[in-house]
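These are my notebook entries on a single structure, kept in the order in which I looked things up. I began with a ligand, moved on to a metal site, and then went through individual residues.

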Amino acid sequence: MDIAATVKVWEVSVKALVYHGPGQKSWETVPDPSPAEPTDIIVQIDTTTICGTDLHILKGDVPAVTDGRILGHEAVGTVAAVGAAVTSLAEGDRVLVPAITSCGRCAYCKRAMPSHCQATGGIGWIFGHLIDGTQAEYARVPFAETSVHKVPEGVTDERVIFLADILPTGYEVGVRNGRVKPGDVVVVVGAGPVGLAAIQTASLAGAARIIALEPAGTRREHSRRFGADVAIDTADPDAEQQVMALTDGGLGADVAIEAVGVPATFDICTRVVRPGGVVANVGVHGAPTTLHLEDLWIKNVTITTGLVDGTTVPMLLQLVRSGKIAADLFGTHDFALHDMMAAYDTFAEAGKHNALKVVIRR
Ligand SMILES: NC(=O)c1ccc[n+]([C@@H]2O[C@H](COP(=O)([O-])OP(=O)(O)OC[C@H]3O[C@@H](n4cnc5c(N)ncnc54)[C@H](O)[C@@H]3O)[C@@H](O)[C@H]2O)c1
Ligand SMILES: [Zn+2]
Ligand SMILES: [Zn+2]
């Protein structure tokens, strides 16, 4: 279908959550998303959510996000129009729009690393960052055929939406980079949504024991529901000794996953990992960390970092479909799209509301 014609026919007023500089946002009328390329589709957003990164943006921590940008990089929606070059998607298809856009053709996409897609400016995370995002009634989705995933019938939005970001992040950057294998002892520092996704998928990867380190009591409780065997309060003066006591011969964990993003938690990981183990950093760091190579080299420790690629989404979707990943555990609060501002208020004070992720539906 001719995309331009379709867009004209709508003539609806589109609402979206717009960033207006640090501390400023509003739910307001925006222009209809206009098709720019023949590989674009337009998606009517059925379900979206808010990420900790959106809160970082609102604090002014991500200067690439400029005044007037629609936020959001996670969605499940219905295809409303397709560009001239799109043949495998049609109006009415239900799709998952993931955080990472992939042109499918550049050297990084071919290397299964769309996090550095060269056609999207060298960074695959463009929604709600470099282009308008998904916290809106409609969104333009570039490189649609190589980026979105069709949602199988019978799988609800709330089970699929967390495949857009947190589940592949916890799995790819935590569990897979950490090389978790059957029988491993895995420590996950930080039991926010990303840490919980790492816990859930480490369990599927065969970890024999999963230890969560987390200061918030409510999140320690959540961690057990997601598959942690033990949850330790990081405020306990002997928290690290408790971890060591739970590992083989007291030598340390096979894999330590950092899911907070501050120097202190990265340091904990380097201390509780066993000789020959892996520290997998997932957290987004805003400040430099001292890397104690003087201790780590002789411990034969491997350190990994990474930005999610989302290349495991089809595999994770199968596990969600079969019930092996209980993805609906993440959604703790429901909102309507037009209550976006209230959804932000709740998510910004997640501790007070015992919130993990908010599910926002049209
Ligand atoms: N690498 C990637 O591609 C990628 C993608 C998405 C998110 N992230 C990052 O992953 C991190 C986690 O994301 P999230 O959404 O779960 O964040 P979150 O803020 O919701 O959760 C962080 C958790 O860490 C806990 N915490 C705070 N201080 C701690 C400490 N000293 N020790 C142990 N736990 C502590 C908090 O109580 C909270 O439960 C963030 O830094 C986020 O930016 C990375
Ligand atoms: Zn995110
Ligand atoms: Zn690419």
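How far is an oxygen atom of ligand 1 from a polar backbone atom of Val284? I looked this up in what is a predicted model, and I found a separation of 3.0 Å between an oxygen atom of ligand 1 and a polar atom of the Val284 backbone.

**Entry 1, ligand 1.** I then looked for further backbone partners of this ligand. Pro193 has a polar backbone atom 3.1 Å from an oxygen atom of ligand 1, and for Val308 I noted a distance of 2.9 Å between a backbone N or O atom and an oxygen atom of ligand 1. On its own ligand 1 has 870 Å² of accessible area, of which the protein covers 80%. I also asked where ligand 1 sits, and the place turned out to be the largest pocket. Around ligand 1 I have 22 residues, and those that come nearest are Val194, Glu214, Val260, Gly306 and Val308. Val308 therefore enters my notes twice, as one of the nearest residues and through the backbone contact at 2.9 Å, a link I make by reference to the cut-off of 3.5 Å for a polar contact.

**Entry 2, the zinc ion.** Which protein atoms are the donors of the zinc ion (ligand 2)? I recorded SG of Cys51, NE2 of His73 and OD of Asp165, which lie 1.8 to 2.3 Å from the ion. Read along the chain, the spacing of these donors is C-x21-H-x91-D. Cys51 belongs to the loop between strand E3 (41–48) and helix H2 (52–58), while His73 belongs to the loop between H2 and strand E4 (75–82), so this pair ties together parts that are 22 residues apart in sequence. I checked the accessibility of the two and found both Cys51 and His73 buried.

**Entry 3, two side chains that reach backbone oxygens.** I looked at Ser223, which is in helix H8 (residues 217–225), and noted that its side chain reaches the backbone oxygen of Arg220 at 2.6 Å. With a relative accessible area of 0%, Ser223 is buried. I set beside this Thr120, in the loop between helix H3 (107–110) and E6, where a polar atom of the side chain is 3.2 Å from the backbone oxygen of Cys117. Thr120 has a relative accessible area of 9%, and because the limit for buried is under 20%, I entered Thr120 as buried.

**Entry 4, positive phi.** Which residues other than glycine did I note with a positive phi? One of them is Phe143, with phi at about 45 degrees, and another is Arg179, with phi near 55 degrees. Phe143 is in the loop between strand E6 (138–141) and helix H4 (144–147), and its relative accessibility of 23% makes it partly exposed. Arg179 is in the loop between helix H6 (166–176) and strand E8 (185–189), and at 52% relative accessibility I entered it as exposed.

**Entry 5, C-alpha distances.** I finished with pairs of residues, setting their separation along the chain beside their separation in space.

- Ala90, in the loop between E4 and strand E5 (94–97), is 49 residues from Ile41 in sequence and 9.1 Å from it in space, C-alpha to C-alpha; with 37% relative accessibility, Ala90 is partly exposed.
- Val301, in the loop between helix H11 (293–296) and E13, is 46 residues from Val255 in sequence, with 9.8 Å between the C-alpha atoms; at 16% relative accessibility, Val301 is buried.
- Ala264, in helix H10 (residues 263–272), is 26 residues along the chain from Thr290, and their C-alpha atoms are separated by 9.8 Å; a relative accessible area of 48% makes Ala264 partly exposed.
- Leu307, in the loop between strand E13 (302–304) and helix H12 (313–321), is 124 residues from Gly183 in sequence and 26 Å from it, C-alpha to C-alpha; at 35% relative accessibility, Leu307 is partly exposed.

Note on methods
Residues numbered from 1 in each chain as written. Chains lettered and ligands numbered in written order. Predicted model: local features only at pLDDT ≥ 70, side-chain atom pairs only at ≥ 80, totals over all residues. Heavy atoms only, no water. Donors = N, O, S within 2.8 Å, 3.2 Å for Na, K, Ca; no water. Buried < 20%, exposed > 50% of the residue type's maximum accessible area, 1.4 Å probe, protein only. Near = heavy atom within 4 Å. Polar contact = N/O pair within 3.5 Å; in protein donor to acceptor, adjacent residues only side chain to side chain. Areas by Shrake-Rupley, 256 points an atom, 1.4 Å probe, with all protein chains shown as cover. 1 Å grid on protein atoms, 1.4 Å probe; cavity = no way out; pocket = protein on both sides within 12 Å on 5 of 7 lines; lining within 4 Å. Sits in = over half its atoms within 2 Å of the grid points.
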